[in-house]
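This briefing goes through selected features of a single model, taken topic by topic. Please keep the sequence and the structure in view while reading the points below.

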Amino acid sequence: MHFEILRDPVWNNIRVDELTLNLVDTEVFQRLRYVRQLGWTYLVYPGATHSRFEHALGTHHLSRRTLALLCEAEDAASISEEEQAIVRSAALLHDVGHYPFSHALEEIGALHHEAVARPLITEGSVASLLSSKLGKDAPVRVFDLIRGQSESALQGLISGSLDLDKIEYLKRDAFMCGVPYGEIDVDRLTNSLVLVDDPETGRRAIGVQEKALSALESLLFAKYQMYRNVYWHHAVRSATAMYKRLVEDAVEAGVVGVQSLARYTDEGLMHRLETAWPTPLLVALKERRLYKRAAEWPAAELDDDRVEWIASDRKRVAEKENELAKELGLAPGELLLDYPTKTQMLGLDIPVLRRSGKVERLTGEGWIGTINLPSLSEELYKSARWLRVFTAKRTSLDPRRIREALEQSR
């Protein structure tokens with residue numbers, strides 16, 4: 001089998017086989033070179049210009065390395081080369097449906113990137129390559145792994161509490177941003193992954209040895225630190241809020257169609273908007289004149305039932321933004337609301353091979369002697385997630401009145 005070696009700043013040497021090289025050369029995958037992994041984060045952390053392309057290669061690298069370790073284990077001898085190739089392909093292709101500037105457009109109601117990926121993987125050049133090398137059902141098998149609905153025992157490597165995507169992006173994002181928060185004991189984690197009989201389903205599944213629980217906890221804390229300091233940094237969220245409103249308004253004006261958004265690259269979409277619809281909001285974003293915080297509240301102070309609509313109902317959000325802007329003498333689009341979409345901060349649900357040889361499922365409840373993740377998760381969530389009001393210029397407002405208006409708008 002022919003291999004090539006790609007150099008990477010995070011993993012050093014990435015070994016890719018002929019099928020992987022051919023998949024990388026498709027138009028579908030090459031687009032990822034021009035889609036930044038962290039969207040507008042580079043406006044705050046200048047090094048965060050890395051793309052979905054290298055992240056996908058890194059995830060593929062981790063899948064190859066982990067599969068090799070699993071195949072060395074006596075109870076993993078049944079993993080066929082074909083199944084390994086399916087998993088490696090899923091690791092490589094898991095992000096091909098991403099929109100320009102990462103997850104932001106999913107927050108305005110656009111299709112989830114996994115749904116966008118379906119035709120890109122099950123039709124066209126990618127499907128032809130997978131079918132010719134791995135069988136006619138290979139494209140569907142790959143896509144099922146990506147969306148977390150595969151019957152494969154190796155599903156947990158692609159989508160789960162300890163999937164390789166999570167390990168890769170935390171490590172790479174921290175490295176490229178120049179922050180110390182993503183330090184993960186990758187070797188300990190990957191060397192501790194095992195195939196076990198899931199006590200709940202009775203099926204073979206990816207599990208982890210008990211000795212790696214401290215490394216697993218460190219991964220969860222790294223995720224929290226990255227959300228608090230990078231992904232949900234106030235200036236990153238300001239740029240993201242500006243971008244979401246910009247694209248929403250462009251869609252409403254007929255400048256771009258929702259269905260076409262996933263075909264653009266970052267700069268391709270910005271060029272389209274710049275040439276067809278050069279609004280003040282677009283100019284401000286391009287020149288990094290980010291909106292300022294006029295008011296903010298941590299989730300710990302809020303009643304989620306009263307404000308969760310700000311994270312989920314974009315039509316109501318735009319209406320409320322315009323209403324508040326008018327009250328404060330601002331133009332439409334000069335006041336923005338931001339409440340990050342709720343994500344699973346410290347989710348954990350994985351079979352664990354105890355030192356006694358017994359397999360038990362570790363959920364968020366944990367065990368005696370381990371961290372009680374549900375209560376901790378909620379506390380960490382409330383400290384990282386903030387509701388913010390951004391304005392185009394310094395504006396004097398009454399935070400109490402604004403908060404009351406938002407909490408009553410149900």
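The model is a predicted one, and a search of the whole structure for disulfides returns 0. A corresponding search for salt bridges returns 36, and several of these are described below together with the burial of their partners.

**Cysteines**

- With 0 disulfides found in the whole structure, the surroundings of individual cysteines can still be described: Cys71 is partly exposed, at 29% relative accessibility, whereas Cys177 is buried, with a relative accessible area of 11%.

**Helix H12**

- Helix H12 takes in residues 234-252, 19 residues in total, and its span of 27 Å from the first C-alpha to the last is close to the 27 Å expected at 1.5 Å a residue.
- Of the 19 residues in H12, 15 are buried, so the helix is largely enclosed by the rest of the structure.
- Just after H12 comes Gly254, which takes a positive phi of about 80°.

**A salt bridge between buried partners**

- Asp163 and Lys166 are joined through their side chains by a salt bridge, with an N to O distance of 3.4 Å, and both of these residues are buried.

**A salt bridge between distant parts of the chain**

- Glu308 and Arg385 form a salt bridge in which the closest N and O atoms are 2.9 Å apart.
- This pair links distant parts of the chain, 77 residues apart, with Glu308 in the loop between helix H15 (304-307) and helix H16 (309-312), and Arg385 in the loop between helix H18 (373-384) and strand S9 (386-391).
- The two partners fall into separate burial classes: Glu308 is partly exposed, at a relative accessible area of 24%, while Arg385 is buried, at a relative accessible area of 1%.

**A salt bridge within helix H17**

- Lys320 and Glu323 form a salt bridge whose closest N and O atoms lie 3.1 Å apart.
- Both residues belong to helix H17 (residues 314-327), and because they are 3 residues apart there, about one helical turn separates Lys320 from Glu323.
- Lys320 counts as buried, at 9% relative accessibility, whereas Glu323 is partly exposed, with a relative accessible area of 39%.

**A salt-bridge network**

- Beyond these pairs, Asp17, Arg64, Glu81 and Arg88 are joined into one network by salt bridges that share partners.

Technical notes: Residues are numbered from 1 along each chain as its sequence is written. This is a predicted model: local features need pLDDT of at least 70, side-chain atom pairs count only at pLDDT 80 or more; totals for chains, interfaces and linings use all residues. Side-chain values use heavy atoms; hydrogens and water are left out. A disulfide is a pair of cysteine sulfur atoms within 2.5 Å. Buried means under 20% relative accessible area, exposed over 50%, partly exposed in between (1.4 Å probe, protein chains only). Helices (H or I, at least four residues) and strands (E, at least two) are DSSP runs, numbered from the N terminus. The expected span of a helix is 1.5 Å times one less than its number of residues. A salt bridge is a side-chain nitrogen of Lys or Arg within 4 Å of a carboxyl oxygen of Asp or Glu.
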